[in-house]
Amino acid sequence: QSAFGLKLCVLLADGFRPIGLGGGHETAYGSWLGLAAFAARQKRVPRIGIINFDAHFDLRTADRASSGTPFKQISDDCTRRGWPFQYACLGIAETANTAALFNQAGRLGVWWETDSVTQNPDSPELLAKLARFVRGVDWLYISVCLDVLPAAVAPGVSAPAGFGMPLAVLESLLKNLKQSGKVRYAEVVELNPKFDIDQRTAKVAARLVWVMAR
């Protein structure tokens, strides 16, 4: 994570707009370390908003970092820095998160929407909430966990979704966020080729990278 963060900070400082690839979602804390280091160099530290498309909060508290801990690690780092923790998680599967995690999200002021709510890319309520979140930050860090997608679309993940956010919705929301001009860094994570079928998940991941990079 530290090495990833150092590399990312250098790329950002050189004017690149990198896209991170994973692997487990523990990549996200390395992403944060790099983005935060770059943000700290600015004349005025920007307000960073994190939007995670994910079936899971990844807010677990543990002695050892894992794919379930990165956003709790980021929250702790924000506390140390005196920065606000502005985190949204879209596509949450209620069946895949414990009551303790929902309580944790509530304590940390997380905005989340469940997979059942994120089925319509043109939902006025969802788009209004998204616009409000974006207005409240200067930079956006977007993390796409492929397990937010239905298992039929993205089988090559560690925890395939029983329901999931449709790919068309995810793509539409990513395009919406790009139009804000605030996206500073993005990543696509949780691809495990050993579990993939006909490279289905890899092709979806490649398309999402293309959507964000073009």
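**Entry 1: the largest pocket**

I looked up the largest pocket of this predicted model and noted a volume of about 200 Å³. I then asked which residues line the largest pocket. The lining is made up of R17, P18, I19, I142, K178, G181, V183, R184, Y185, A186, M212 and A213. Two elements, β6 (183-189) and α7 (200-213), each give two or more residues to this lining. I recorded β6 as the element that gives the most, with 4 residues. By character, I sorted the lining into 8 nonpolar, 3 charged and 1 polar residue.

**Entry 2: a charge over a ring, beginning from the pocket**

I followed R184, one of the lining residues, to see what lies beside it. R184 lies over the face of W139, and I noted 5.7 Å to the ring centre. A second arrangement of this kind involves R81 and W83: the charged end of R81 sits over the ring of W83, 4.9 Å from the centre of that ring.

**Entry 3: aromatic pairs**

How many aromatic pairs does the model hold? My count came to 9 aromatic pairs.

I examined F38 and W139 and asked whether the pair is stacked or tilted. The ring centres are 5.5 Å apart and the planes stand at 20°, so the pair of F38 and W139 is stacked. The cut-off for stacking is an angle under 30 degrees. F38 belongs to helix α2 (residues 27-40) and W139 to strand β5 (residues 139-145), so this pair ties together parts that are 101 residues apart in sequence. I also entered both F38 and W139 as buried.

I turned next to W111 and F133. Their aromatic pair is tilted, with 6.0 Å from centre to centre and 40° between the planes. Because W111 lies in strand β4 (residues 111-114) and F133 in helix α5 (residues 124-135), the pair ties together parts that are 22 residues apart in sequence. W111 has a relative accessible area of 16% and is therefore buried. F133 counts as buried too, at 14% relative accessibility.

Finally, I noted one aromatic cluster formed by F57, F102 and W112.

**Entry 4: positive phi angles**

I looked at the backbone of D58 and found phi near 55°, a positive value in a residue other than glycine. Where is D58 placed? D58 sits in the loop between β2 (48-53) and α3 (70-81). I then asked whether D58 is buried or exposed. Its relative accessible area is 10%, so I entered D58 as buried, the limit for that word being under 20%.

E190 also drew my attention, for its phi is near 70°, a positive value in a residue other than glycine. I located E190 in the loop between β6 and α7. At 9% relative accessibility, E190 counts as buried. The two elements beside this loop, β6 and α7, are those I had already listed for the lining of the largest pocket.

**Entry 5: the surroundings of Q104**

My last search concerned Q104, which is placed in helix α4 (residues 99-107). Q104 has a relative accessible area of 11% and is therefore buried. Which residues does Q104 touch, not counting residues up to four places away in sequence? I wrote down L59, T61 and K72 as the residues that Q104 touches on that basis.

Methods: Residues are numbered from 1 along each chain as its sequence is written. This is a predicted model: local features need pLDDT of at least 70, side-chain atom pairs count only at pLDDT 80 or more; totals for chains, interfaces and linings use all residues. Side-chain values use heavy atoms; hydrogens and water are left out. On a 1 Å grid over the protein atoms alone, a cavity is a set of points where a 1.4 Å probe fits but cannot get out, and a pocket is an open set with protein on both sides within 12 Å along at least five of seven lines; lining residues have an atom within 4 Å of a point. Grid points are joined across faces, edges and corners, and a volume is the space filled by probe spheres set on the points. Ala, Val, Leu, Ile, Met, Phe, Trp, Tyr, Cys and Pro count as nonpolar, Asp, Glu, Lys and Arg as charged, and the others, Gly among them, as polar. Rings of Phe, Tyr and Trp (its six-membered ring) pair if their centres lie within 6.5 Å; planes under 30 degrees apart count as stacked, over 60 as edge-to-face and the rest as tilted. Buried means under 20% relative accessible area, exposed over 50%, partly exposed in between (1.4 Å probe, protein chains only). A charge sits over a ring if NZ of Lys or CZ of Arg is within 6 Å of the ring centre and within 35 degrees of the ring normal. Contact means heavy atoms within 4.5 Å.
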